[in-house]
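Reader: Could you take me on a close look at one part of this protein, the place where its two domains meet? I'd love a connected walk through that region.

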Amino acid sequence: MEKNATTSKVSIINEHPYFLNLDEENRGLLNENMYCRSYKKGQVLFDTGDKRDRIFFLSKGLIRIERLDDTASYNFLEFISDKQPFPLLDMFESEKYYFSAVAITDIEVCYVSSTIFEKIVQMDLDHLRVFNTDLNRLVKKQMRRIQYCVTSKAKQRVKNTLSILMEDLGERVDDKIIIPHPILINDISKYSGTTRETVGHTIRELIKHKKITYKYKELVFIDIDYFTLGK
């Protein structure tokens, strides 16, 4: 069930790079057609194949995007935790969502119709540059994932998955990095393409060697250099 959120759409309209160059007419159009809502943990924002009629801005919480094949044997999983718009995949092309989006925590989002957002992106060269930058960022994330998570060694895939989660979701607190959202063993196993048992064993080893702590689904990285990719 969706409810009105405390997040202000005014802050997004006034501060987000996509909307900085809007004239008063289009700023008013956006203000009239943007809505902010809160969703409880576990709620589905959209499913694969649903009509692609909204672009979302996450203001609070963590979202998992996922796509399964018909056999549920092959899956794609990613996390969204910042204020970047999503989904950008298939903008201007597809009428349906390519994957599903589920709230891992209680979340707050603002959304606007895809038609209005696409119109705004197309009307200004600076908006197109921002869109291109966001697409490049997403492509680089997936290239990094392919580079570090396509290896025959399952434990190495788990370690590299943790490194990616640290880079993407972690927040620096003194000499540690903490992921301020619950991260499930099951999600790590899907992300790294291995079993829950392998993930659990690898995490216990990392805890034993004081590389991380993992309590109540909270990941804390103690040895940051150990998880820095490329080292």
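Author: In this predicted model, the C-alpha centres of domain 1 and domain 2 lie 26 Å apart. Domain 1 covers residues 9–148 and domain 2 covers 152–227. Their contact takes 16 residues from domain 1 and 13 from domain 2, and together the two domains bury about 1400 Å², with 56% of that area on carbon and sulfur atoms.

Let's start with the charged and polar side of this meeting place. The interface holds 5 salt bridges, along with 6 residue pairs in polar contact. On the side of domain 1 that touches domain 2, the elements giving two or more residues are β5 (63–68), β6 and α4 (125–149). Elsewhere in the list of charged pairs, Arg144 and Asp168 form a salt bridge whose closest N and O atoms are 2.7 Å apart.

Now for the nonpolar side. The largest nonpolar core has 27 residues, and those with the most contacts inside it include Phe79, Leu162 and Ile183. Two or more residues come from each of β6 (75–80), α5 (154–169), α6 (185–192), α7 (196–208), β12 (212–215) and β13 (218–221). Of these, α5 gives the most, with 6 residues. Nicely for your question, this core draws at least three residues from each of domain 1 and domain 2.

Ile183 makes a good place to zoom in: leaving aside neighbours within four places in sequence, Ile183 is in contact with Leu62, Leu165, Leu169, Ile188, Tyr214, Lys217 and Leu219. Apart from this core lies another, of 20 residues, among them Tyr18, Met34, Leu88 and Phe117.

Definitions and conventions:
Residues numbered from 1 in each chain as written. Predicted model: local features only at pLDDT ≥ 70, side-chain atom pairs only at ≥ 80, totals over all residues. Heavy atoms only, no water. Core = buried A, V, L, I, M, F, W, Y, C linked by side-chain atoms within 4.5 Å. Buried < 20%, exposed > 50% of the residue type's maximum accessible area, 1.4 Å probe, protein only. Helix = DSSP H or I, 4+ residues; strand = E, 2+ residues; numbered from the N terminus. Domains from an automatic or database assignment. Contact = heavy atoms within 4.5 Å. Buried area = accessible area lost by both parts, 1.4 Å probe. Salt bridge = Lys/Arg side-chain N within 4 Å of Asp/Glu carboxyl O. Polar contact = N/O pair within 3.5 Å; in protein donor to acceptor, adjacent residues only side chain to side chain.
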